[in-house]
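User: I'd like to learn how to read empty space and strand layout in a model like this one. Can you walk me through it?

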Amino acid sequence: MDESLSGREMDEGSADLGSAEQALTTISYRSSSTASGKSITSLSVGKPAGTVQGDVLLARIINRNNVAAVMTPPAGWTLIRSDQSASQIKAWVFYKVAGSAEPSSYAFGIDLASYMAGSIVAFSGVDNANPIDAQSGQKNGLSASFDTPAIATTASNGMAVWFGSQIWTGAACPASPIVPPSGFTEPFDTCLVSSSTGLLFDAAYKDLGAAGLQPAFNGSSPYAETNIAQVVALRPANAPACTVGDTFSTTVTTVGTVASPAIVEPSGLAASRLTPGVLYVHNEDTTAIVAISTTNASTRGSFTVGNVTPADWEDIATGPCPTGKCIFIGDIGRISANFPTPPSTFAVYRIPEPNIGAGQTSGTLTAEGFPFQYPDTPQNAESIMVHPTTGDIYVITKAGSGLSKVYKMPKPLPAPGTMSTLTFVSNLQLPTNGDTNFASATASAIHPCANRFLLRTYYKVYEYRAAAGAAFETAFAATPVSLKDTVEGQGEAIEYEASGAGYFTMSESPSPFVLKYVPRL
């Protein structure tokens, strides 16, 4: 249990989210194809002309008046997202990396006969291993505006691909049905004609410059009808997995407010390593984990952790694991109303990441528990972090004196349920500034480039940096660099952006819980 803080004003400044930098992308538009049909259960869309092995294909499929329908894509296609209105229109977006032998067309099946329309757009020069950098979309009801939530890209010089879909009741296609966002090139703009169940649809693309939060990409049409707008950012080939720099903005951006009722006492943030644009948030003492958007804090998924009863969950991290990518939660606190007496043993729980981009947005995630004890005396801690390459798990203790200790779990980890003893790594002496709240470590995170880490207290944010070419653990001996504090009532959560291009924070109180962001300059 953590003491409540008060008397601090929120910094409501906003950063300049635009960028005048010109793109130098390797991505190029190849070609596109479209198809439509009436009262069908399968829509075949042709392979775009000139498609070659390694091209990335984006398919957008729309149906009319059957929004409960379930879509079955062809083999090899992965769902990116779907958006729908209450009853009139639904749009799915899928991707595929073209192989050496692609069919001439792709059949997208649906379980309810519908009026359907779709398109496939092909691009060259996209990162085949991790093609989707970010994505967003939404339904706009009875509106001529085609609005999409802003996206945050992790790689520079990518490409934004925008899809507009709108209901249509005309007897013919209008001359210019949909207007894409400013600066976008539109390869097609067409429609499915029907007196009551028609559809307008287009696609457009634009080169992007610097990584980071992009402006919202909004289009329009001459008609105030229900529409769906979606955007996907593609990563260029050979894009770096992370970027690093020493200068951060002195202005804080308020990203959004967490709306999920499952979050009642947020104590940690962790960036998804599986789904771009997603952060995980957890409560201090419940089994809820909520996935939120890095662009507006909206809910992307809500989960319950099974096979565990939390005692004092204090921090969360993501990193590699035997199954690929996992979430790690530290049951490492020692001052909680849940304890009749302070505990002497603790645990880290490991949970496979849900595949949110493929539609896994709810359910129970089964945890494996790794109990541990300290090599000296039991400690109170609120910070864990996981090395993005080695998977090493670090625990950092909390002390009002500012003398935090760093420990590491054994590697390889013992079998789940087996007690282990941590290894002492280093002392960290934080400045106290005459107030214990300045020196009480409440959260930490390792940079995705693995050469530095963040450590936050209630009132401060520090970055510890290893020297160029030096091993990560030498950062523990570095002089802490003070970064922009996001000025929160009870700051208990911090995480780097997945690319390392900035950091996010959140306060445990008061509610509503606000996600904040500080970009790197």
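Analyst: Let's start with the elements: strands (E, at least two residues) and helices (H or I, at least four) are DSSP runs, numbered from the N terminus. This is a predicted model, where local features need pLDDT of at least 70 and side-chain atom pairs count only at pLDDT 80 or more, while totals for chains, interfaces and linings use all residues. Residues are numbered from 1 along each chain as its sequence is written, and side-chain values use heavy atoms, with hydrogens and water left out.

User: What is the average pLDDT of the protein chain?

Analyst: pLDDT is the predictor's confidence in each residue, from 0 to 100. Here the protein chain averages 90, and 94% of the residues score at least 70. Over residues 1-23, though, pLDDT stays under 50. The model has 64 contacts (heavy atoms within 4.5 Å) beyond four places in sequence for that stretch.

User: Now the empty space. How many cavities does a search of the whole structure find?

Analyst: The general idea first: rolling a probe the size of a water molecule over the atoms shows where empty space is left. On a 1 Å grid over the protein atoms alone, a cavity is a set of points where a 1.4 Å probe fits but cannot get out; a pocket is an open set with protein on both sides within 12 Å along at least five of seven lines; lining residues have an atom within 4 Å of a point. Grid points are joined across faces, edges and corners, and a volume is the space filled by probe spheres set on the points. In this structure the search turns up 2 cavities of 30 Å³ or more. The largest holds about 90 Å³, the second largest about 50 Å³.

User: Which residues lie nearest the centre of the largest cavity, and which strands supply its lining?

Analyst: Its lining has 13 residues, with Arg273, Ala317, Ala445, Ile446 and Glu495 nearest the centre. Strand 19 (313-321), strand 24 (381-386), strand 29 (441-446) and strand 33 (491-496) each give at least two residues to that lining. For classes, Ala, Val, Leu, Ile, Met, Phe, Trp, Tyr, Cys and Pro count as nonpolar, Asp, Glu, Lys and Arg as charged, and the others, Gly among them, as polar. The largest cavity's lining splits into 9 nonpolar, 2 polar and 2 charged.

User: What lines the second largest cavity?

Analyst: Residues including Ala134, Gln135, Ile151, Pro276 and Arg300. That lining has 3 nonpolar, 5 polar and 1 charged.

User: And what is the volume of the largest pocket?

Analyst: About 910 Å³. Of its 40 lining residues, Asn130, Ser272, Arg273, Leu274 and Lys325 are closest to the centre. By class the lining has 21 nonpolar, 14 polar and 5 charged residues.

User: Strand 24 came up earlier. Which sheet is it in?

Analyst: Two strands pair if DSSP finds at least two bridges between them. Strand 24 belongs to an open sheet of 4 strands, ordered 24-25-26-28 with antiparallel pairing. Strand 24 and strand 28 (423-429) are the edges, each pairing on one side only. Strand 24 is joined to strand 25 (residues 393-397) by 5 bridges, and Ser383 has Ile396 in strand 25 as its bridge partner.

User: What order do the strands take in the open sheet of 5?

Analyst: 7-13-9-11-10, again an antiparallel pairing. Its edges are strand 7 (132-146) and strand 10 (185-192). Strand 10 is joined to strand 11 (residues 198-207) by 6 bridges, and Thr190 stands opposite Phe201 in strand 11.
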